[in-house]
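Subject: Structure handover

Hello,

Here is the structure I promised to pass on. Please open it next to this email and follow along.

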Amino acid sequence: MAISILELDGNVTKVVLSGRIDIAGAREIEMPMAVIAGSRRAVVVDLSAVEFMASLGLRGIVVSAKSIFSKRGKIVLLMPQPQVEEVITTTGIDELIPIYRDEAEAIAAVIAALG
Amino acid sequence: MRDPGNELRIDSANAEDLERLHPWFDIEARTLPNALRHGMRVALEEAVMNAVMHAFPPNGSGEITVRLRISPGAAALFVEDSGRAFDPTAAPSAGRPASLQEAEPGGLGLTLLRHYCHDITYQRVAERNRLMLRFPLPIAPLQPPP
């Protein structure tokens, strides 16, 4: 599991997760995700290099999303692999935190929320 | 009877023990097809985390054991714990959350457990919760030569 954080133009934060967000991985992302959620309002979470995620890892993203939404910000998910996407859509979380396949569209969506 | 494999014993309150779950599965399930392994891995994590959350009192702990049995037509994961009775097959389905406030991790976990298992059997045996998660194998794994 690895997490890297990139600050993009327009006050957009891109969080790149990779590897397995399993029990150990979920614990590793908990603190950095909480820091981002507490300080940023426009967040794109790039899942393209994530091989595994179940409800524990999804919880970390949901908790962050609650905090960002409460500040009228927006968080979106970018390009999950099919197996990870199945987990997200099975739980219905994609209806609350949208999935984008195109990075430019994802960035535009979160910038729009900054008004 | 094939190799019954190695049982993993987890202290539910020990984070390092819990983190051994996936490496254990990597080894035990190495002969299974990739596509099947993914769903099994999700179900395994959900079943174990469900036991961590429901079987033991807050700040309490107990033992969870996990086993994998591979037979010609199916693979089965057994998750047992020594905690209070909790039957995830009887718990109401959380459904799809209408808002993030409603999206509770326990509910999401049960949704995933049901989605990925072919069938789930719950038994309460000798003061232990015993879950059997079954997954059909698309083809029988190769037999080693006699």
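**Around Leu133(B)**

Leu133(B) touches Ala43(B), Ala47(B), Ala75(B), Ala76(B), Leu77(B), Leu113(B), Cys117(B), Asp119(B) and Ile120(B), leaving aside residues up to four places away in sequence. Please keep in mind that this is a predicted model. Leu133(B) belongs to strand 5 of chain B. Is Leu133(B) buried or exposed? Leu133(B) is buried, and its relative accessible area is 0%. Take Ala47(B), one of the residues that Leu133(B) touches. In sequence, Leu133(B) and Ala47(B) are 86 residues apart. In space, their C-alpha atoms are 8.9 Å apart. Three of the other partners, Ala75(B), Ala76(B) and Leu77(B), lead on to the next strand.

**Strand 3 of chain B**

Strand 3 of chain B covers residues 74–81. How many of its 8 residues are buried? The count is 8 of the 8, so strand 3 is largely enclosed by the rest of the structure. Both faces are covered. On one side sit Ala74(B), Ala76(B), Phe78(B) and Glu80(B), all buried. On the other side sit Ala75(B), Leu77(B), Val79(B) and Asp81(B), also buried. Charged side chains are on the list too: Glu80(B) and Asp81(B).

Which strands does strand 3 of chain B pair with?

- Strand 2 of chain B, residues 63–71, pairs with strand 3 in the antiparallel sense over 8 bridges. Thr65(B) stands opposite Glu80(B) of strand 3. Strands 2 and 3 of chain B form a hairpin, with 2 residues between them.
- Strand 5 of chain B, residues 128–136, is joined to strand 3 by 8 bridges, and the two run antiparallel. Here Asp81(B) has Asn129(B) in strand 5 as its bridge partner.

**Charges over rings**

Phe78(B), on one side of strand 3, has a charge over its ring. The charged end of Arg67(B) sits there, 4.5 Å from the ring centre. A second case involves both chains: Arg41(B) lies over the face of Phe52(A), at 5.9 Å from the ring centre. How many aromatic pairs are there over all chains? The count is 0.

**Chain B as a whole**

Chain B has 4 helices and 5 strands. Along the sequence, its pattern reads β-α-α-α-β-β-α-β-β. Of its 146 residues, 46% are buried. Take the contacts in chain B between residues at least 6 apart in sequence: 64% of them join residues at least 24 apart. The accessible surface of chain B is about 7500 Å². Carbon and sulfur atoms contribute 54% of that surface.

**Chain A as a whole**

Chain A also has 4 helices and 5 strands. Its pattern along the sequence is β-β-α-β-α-β-α-β-α. Its radius of gyration is 13 Å, close to the 13 Å that the globule rule gives for 115 residues, so chain A is as compact as a globular protein of that length. Its C-alpha atoms fill a box of roughly 35 × 25 × 20 Å along the principal axes. Buried residues make up 49% of the 115 residues in chain A. For contacts in chain A with a separation of 6 or more, 70% come from residues 24 or more positions apart. The accessible surface of chain A is about 4800 Å², and 52% of it belongs to carbon and sulfur atoms.

Best wishes

Notes: Residues are numbered from 1 along each chain as its sequence is written. Chains are lettered from A and ligands numbered from 1 in the order in which they are written. This is a predicted model: local features need pLDDT of at least 70, side-chain atom pairs count only at pLDDT 80 or more; totals for chains, interfaces and linings use all residues. Side-chain values use heavy atoms; hydrogens and water are left out. Rings of Phe, Tyr and Trp (its six-membered ring) pair if their centres lie within 6.5 Å; planes under 30 degrees apart count as stacked, over 60 as edge-to-face and the rest as tilted. A charge sits over a ring if NZ of Lys or CZ of Arg is within 6 Å of the ring centre and within 35 degrees of the ring normal. The radius of gyration is taken over C-alpha atoms; the globule rule is 2.2 Å times the number of residues to the power 0.38. Buried means under 20% relative accessible area, exposed over 50%, partly exposed in between (1.4 Å probe, protein chains only). Contact means heavy atoms within 4.5 Å. Accessible areas come from the Shrake-Rupley method with a 1.4 Å probe; for residues, only the protein chains shown count as cover. Two strands pair if DSSP finds at least two bridges between them.
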